[in-house]
Amino acid sequence: MKLLFRIAKNEFRYLFYSPIAWFLIIVFLVQCALVYTSPVYDLALYQDMVLKNNPRPTISMAADSLTLKVFLAGGIFLRAIGNLYLFIPLLTMGLISREINNGTIKLLYSSPVQLRQIVLGKYLGIMLYSLLLIAIIGIFMITGFFNIKNADYGVLFSAALGFYLIVCAYSAIGLFMSSLSTYQIVSALASFTVIFILSRIGGLWQKYDFVRDLTYFLSLQNRTGKMLQGLITTKDVIYFIVVSWMFVGFTLIKLRNGREVKPWYIKAGRFAGVFALTLMTGYITSRPALTGYWDTSATKMNTIHPRTQQLLKEMGDTTLEVTLYTNLVDRLVAHGLPEVRNVSYLGNFWEAYLRFKPNISFKYEYYYDTDAKGTDSALYKMLPGKNLKQIAAEYADAMDLDLSMFKTPEEMRKLIDLKPEGYRLIMQLKYKGRTEYLRTFEDDFVWADEQNMNAALKHLLYGDIPKLLFVSGELERNIYKMGEREYAYHTISKPARRALINVGFNVDTINLTTQNIPAGITALVLADPKMDLSPAVYEKLKKYIDAGGNMLITGEPGKQYVLNPLLQQIGVQLMNGQLVQPTYNETPDKVKPYLTTTSAGLAEEPAMLVLRERLQAHLTGDSIKILMPGVAGISYTRDSAFTVAPLAMTSPDRVWLKAGNLVTDSTLPPFNPLEGDIKQASFPTVVQLTRSVRGKEQRIIVCGDADFLSNRRLAESFFGNALYSWLNYNQFPVYTPRPQPEDTRLQVNAEVAGLQKIIYIWVLPGVILLIGIILLIRRKRK
């Protein structure tokens, strides 16, 4: 052991006295300084500007973590790892080749030193030198602790570990390449080539199952991504260890083969044995059941929510079967192909769930089909004159795929009917005889998020799905139409991530003229009827309310007389006339009420949580506002059996109630009390009503506007989902709120950041250069 450390010490000293090593240290320092100080300086300028105009801002300077922004999102670690293939080959090119070229390797062989001590000593020496690179990054990590308030040190620790492990792996590769040639430049080029290949191999030949798994395992870059985000896994750590061990072993075998006279197959067998042992170790340790995880981030951003963990835990040891159906002619086909399976599908999406439920089995079905008909559809217009099979062949050829791997429509329909899902990229989950679809979406993430996943898991576990019925028959808002006034997008639209059917609800319609309200529904929705309610319909609604049923009622100005007879029994009325709010940019019918304190407690919808935080901080002037185009005020009595609380109120003294017709395309008519116009401090536009009926809390919501939930007003859907959640006693959606990052402010101003920039980019490298010159000159004289 002493000899090993002496060899390592000598190797470290040699590198320390090498001009190339000093040059690389300075270049690495300048690179890190540029990547760190520039964004910090820009952020400090912005923060100074905000504080100058508002000494006590009500929001953070940044919405995201500054630690991630400065160090990871294009920061030091990503840039440093991306350029390692330029540094490491220059450091390792002479580890063995220098000894061979100078003839000193014979002295080492003749000395009482074992070959493994020589190899391990040299590798240990380069590992010690690599700590200098960590020390340079450590300078900026320590600086970040002082620059960023509440910096996320856990993420930095994980990223530093990932950086050092990949440096050690690159160094092992360089050590082996150095043993293959007596020319250092050849060793450097060979190291560069191998590192480059191993960095890019994860994207090669991914369409073939065996090759895909092998190349993914050999890819070095795929193993650092999670550690750079603050997630340390045993399989990644062990991977770097076994890869480093493999190349160190290759070096030992190469040198031993050069000293022994053995048949070629024995020499080759040694390499094959080490390679096979490496693959076997990596495969075994990467099994989900044997993988350990450590989320070092402050907000646990790499870990699924405890509610999701609990649902997976309740599934027990029963296998969850997941089948991915990929349609060749679907727009999302690229996300379901085999070449992205390991990275996008299994790695980025499912691994978070495999961490807590390893027994998930995956199946894959590939097919082509469409519900487009004739020559009018875009699919047939793009390739005119061709049938579906010919179009599929063109798609397969364009993507370099074999059409035979895709089932025909006839073959696929024997397995499953995906027409109701529009033949889109979709997952089917099976558990104890129950099945549930998990949809994909045409946005940046594509895959289902935790809210979508939790809805599917709860349905698989318990089978009960909350049912919302929308009343039809009196020209109410339609959940099946995509027109701008209708309600399809937020209710039954399958491509919409936050649509009710994608977050746990079963949505349907009911015509009360011919149907009775079934028992056991979650809530009834009466959305802006345009016709008088018939006596039969009115009686059914009245009985439903009297029995304690939950209900959402939305109305519009001009049709108050349709709803007011029904609302009278619960002590609420839509005020005659229309609210007006004069503004510079909008017509006066566009009213923006603010959400009240009561709204903050509706649900854990992210916007509601933000509102709650603001109200808790007594920032009452910074409440969230919603747009209600054409809204009636609401009056209510406190003498009814219901407890009434406003959820949305108009801004004080800025809105009045206009009696009669409002002309929006002309000059604003003035406030005229003689015509019945009313001014008051504030008008409620949305109210909630509660009472206890038969041991259960009855919940009703009344809105003076129906447009804020329409297909056109998608921006206000967060408030709508909160309303539905409250009506469902917050069972669905299954929200997964996470703590906001605390490292959103800098503790330095622009002047200090600018001085810091000068020191790290110019002064410190200059000092190190001077020290290096003096040390090398003194060494030369000796």
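## Phe 71 and the largest nonpolar core

In this predicted model, Phe 71 counts as buried because its relative accessibility is 1%, under the 20% limit. Leaving aside residues up to four places away in sequence, Phe 71 touches Tyr 36, Ile 76, Phe 77, Leu 78, Phe 140, Met 141, Gly 144, Ile 148 and Leu 156. Phe 77, one of these contacts, also counts as buried, at 0% relative accessibility.

Both residues belong to the largest nonpolar core, which holds 86 residues. Within this core, the members that touch the most others are Phe 71, Phe 77, Phe 140 and Phe 163. Helix α9, residues 153-178, supplies the largest share of the core, with 17 residues. A second core, of 50 residues, is separate and has Leu 468, Leu 579, Ala 600 and Ala 722 among its members. As a general tendency, nonpolar side chains in soluble globular proteins are buried together.

## Packing of helix α5

Helix α5 spans residues 84-92, and its buried residues are Leu 84, Phe 87, Ile 88, Pro 89, Leu 91 and Thr 92. These buried residues pack against six helices, namely α1 (2-16), α2 (19-53), α4 (76-82), α8 (115-147), α9 and α10 (184-200).

## Aromatic pairs

The count of aromatic pairs comes to 27. In the pair formed by Phe 71 and Phe 77, the ring centres are 6.4 Å apart and the planes stand at 40°, so the pair is tilted. The pair of Trp 350 and Tyr 353 is edge-to-face, because the planes of its rings lie at 65°, with the centres 5.7 Å apart.

Trp 350 and Tyr 353 both lie in helix α16, residues 341-354, and because they are three residues apart, about one helical turn separates them. An α-helix has 3.6 residues a turn, so residues three or four places apart point the same way. Trp 350 is buried, with a relative accessible area of 0%, and Tyr 353 is buried as well, with a value of 4%. Ring pairs link these two residues with Tyr 345, Phe 349, Phe 362, Tyr 364 and Trp 447 in a cluster.

## Charges over rings

Two aromatic rings have a charged side-chain end placed over them. The charged end of Arg 287 sits over the ring of Tyr 283, at 4.1 Å from the ring centre. The charged end of Lys 679 sits over the ring of Phe 671, at 4.9 Å from the ring centre.

## Strand pairing

Lys 679 also takes part in strand pairing, as the bridge partner in β19 of Trp 656. Strand β18, residues 656-658, pairs with β19 in the antiparallel sense over two bridges. These two strands belong to an open sheet of three strands with antiparallel pairing, in the order β12-β18-β19. The edge strands of this sheet are β12 (578-580) and β19 (678-679), each of which pairs on one side only.

Parallel pairing appears around strand β7, residues 467-472. Six bridges join β7 to the parallel strand β8, residues 506-511, where Asn 511 is the bridge partner of Ser 472. Three bridges join β7 to strand β9, residues 523-527, which is likewise parallel. Within this second pairing, Leu 469 stands opposite Leu 524 in β9.

Note on methods: Residues numbered from 1 in each chain as written. Predicted model: local features only at pLDDT ≥ 70, side-chain atom pairs only at ≥ 80, totals over all residues. Heavy atoms only, no water. Pairing = 2+ DSSP bridges. Helix = DSSP H or I, 4+ residues; strand = E, 2+ residues; numbered from the N terminus. Core = buried A, V, L, I, M, F, W, Y, C linked by side-chain atoms within 4.5 Å. Buried < 20%, exposed > 50% of the residue type's maximum accessible area, 1.4 Å probe, protein only. Contact = heavy atoms within 4.5 Å. Phe/Tyr/Trp six-rings, centres within 6.5 Å; stacked < 30°, edge-to-face > 60°. Lys NZ or Arg CZ within 6 Å of the ring centre and 35° of its normal.
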